[in-house]
Amino acid sequence: MEKNKKAKEKQDKSAVASNLRDFFIDGLKDIYYAENALVKTLPKMFEQATDQKLKTAIKDHLAQTKEQVVRLEKTFESMGEKAEAKQCHAIDGIIKEGEEIMNETAEGPVRDAGIIASAQKVEHYEIATYGTLAAFAKTLNERTALDLILKTLGEEKKSDMLLSYIADTNLNSQAVDGKLQSKDLNAV
Ligand SMILES: [Fe+2]
Ligand SMILES: [Fe+2]
């Protein structure tokens, strides 16, 4: 037992980031994992969603997410690093929760509201991560990395706002009793 603990400590130490640059690269690996996981998850959300605006938003964001993966590869490259993924437990948890919500809701406005809730948790995680990475890139004076990260950060913020708009103008009120209602009545 003690031996295992020592071996684990040794292993952990070799993975310890001792400066901001290393910590920044670790963050890139984390979000690289997350974006790749989302490329696999967004099609499932698309299939389960029924509202046309929501479906279009998910489809567009999937295309954007694929571009973000490439942008991250360019970010690694600009730092002279190989693009590598490191398991992100946070995104795994958010995705798992989203799958549970899809299984536990009736298809239609209620499930759509659940999909929006999950998708917004994803966006907020991404906004927090890219915001931090942008601050690190700025401190490290990595201009190319900063520009690439800020572009993606802008896309994540827009995507989050679009999801709020879809929920506020239409979906959430339909979900109150789970049925479609007149759209005119729902604008807040
Ligand atoms: Fe993303
Ligand atoms: Fe996103």
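How many residues does H5 have, and how far does H5 reach from its first C-alpha to its last? Let's find out by walking through this predicted model, one selection at a time.

**Stop 1: helix H5.** Select residues 109-139, which form H5. This helix has 31 residues and reaches 44 Å from its first C-alpha to its last. That is close to the 45 Å expected at 1.5 Å a residue. Now step just past the end of H5 and click on Asn 141, which takes a positive phi of about 60 degrees.

**Stop 2: add helix H6.** Keep H5 on screen and add residues 143-175, the helix called H6. The axes of the two helices come within 8 Å and cross at roughly 160 degrees. That angle makes H5 roughly antiparallel to H6. Their crossing is left-handed. Try colouring the contact by residue class: you should find 20 nonpolar, seven polar and seven charged residues.

**Stop 3: swap H6 for helix H2.** Hide H6 and select residues 20-48 to bring up H2. Which way do H2 and H5 run relative to each other, roughly parallel or roughly antiparallel? Their axes come within 10 Å and cross at roughly 160 degrees, so the two are roughly antiparallel. H2 also passes H5 in a left-handed crossing. To see the contact, show side chains on the H2 side, including Leu 20, Phe 24, Leu 28, Ile 31 and Met 45. Across from H2, the residues of H5 that take part include Ile 115, Val 122, Tyr 130, Leu 133 and Phe 136. Counted by class, this contact has 13 nonpolar, five polar and two charged residues.

**Stop 4: from H2 to helix H4.** Leave H2 in view and select residues 89-103, which are H4. Here the axes come within 11 Å and cross at roughly 10 degrees, which makes H2 roughly parallel to H4. Highlight Ala 34, Ala 37, Thr 41 and Gln 48 in H2, then Ile 91, Ile 95 and Met 102 in H4, which they meet. This contact has five nonpolar, two polar and no charged residues.

**Last stop: check the confidence.** Colour the whole protein by pLDDT. The mean is 90, and 87% of the residues reach 70 or more. Then select residues 182-188, where the pLDDT is below 50. Beyond near neighbours in sequence, this stretch has eight contacts in the model. Where pLDDT is low, the predicted coordinates should not be read in detail.

Methods
Residues are numbered from 1 along each chain as its sequence is written. Chains are lettered from A and ligands numbered from 1 in the order in which they are written. This is a predicted model: local features need pLDDT of at least 70, side-chain atom pairs count only at pLDDT 80 or more; totals for chains, interfaces and linings use all residues. Axes are lines fitted to C-alpha atoms, for helices over the stretch in contact, and angles run from 0 to 180 degrees between N-to-C directions. Helices (H or I, at least four residues) and strands (E, at least two) are DSSP runs, numbered from the N terminus. Angles under 35 degrees count as roughly parallel, over 145 as roughly antiparallel, 65 to 115 as roughly perpendicular and the rest as oblique. A crossing is left-handed if the near helix is turned anticlockwise from the far one by less than a right angle, and right-handed if clockwise. Ala, Val, Leu, Ile, Met, Phe, Trp, Tyr, Cys and Pro count as nonpolar, Asp, Glu, Lys and Arg as charged, and the others, Gly among them, as polar. pLDDT is the predictor's confidence in each residue, from 0 to 100. Two residues are in contact if their C-beta atoms, placed from the backbone, lie within 7 Å. The expected span of a helix is 1.5 Å times one less than its number of residues.
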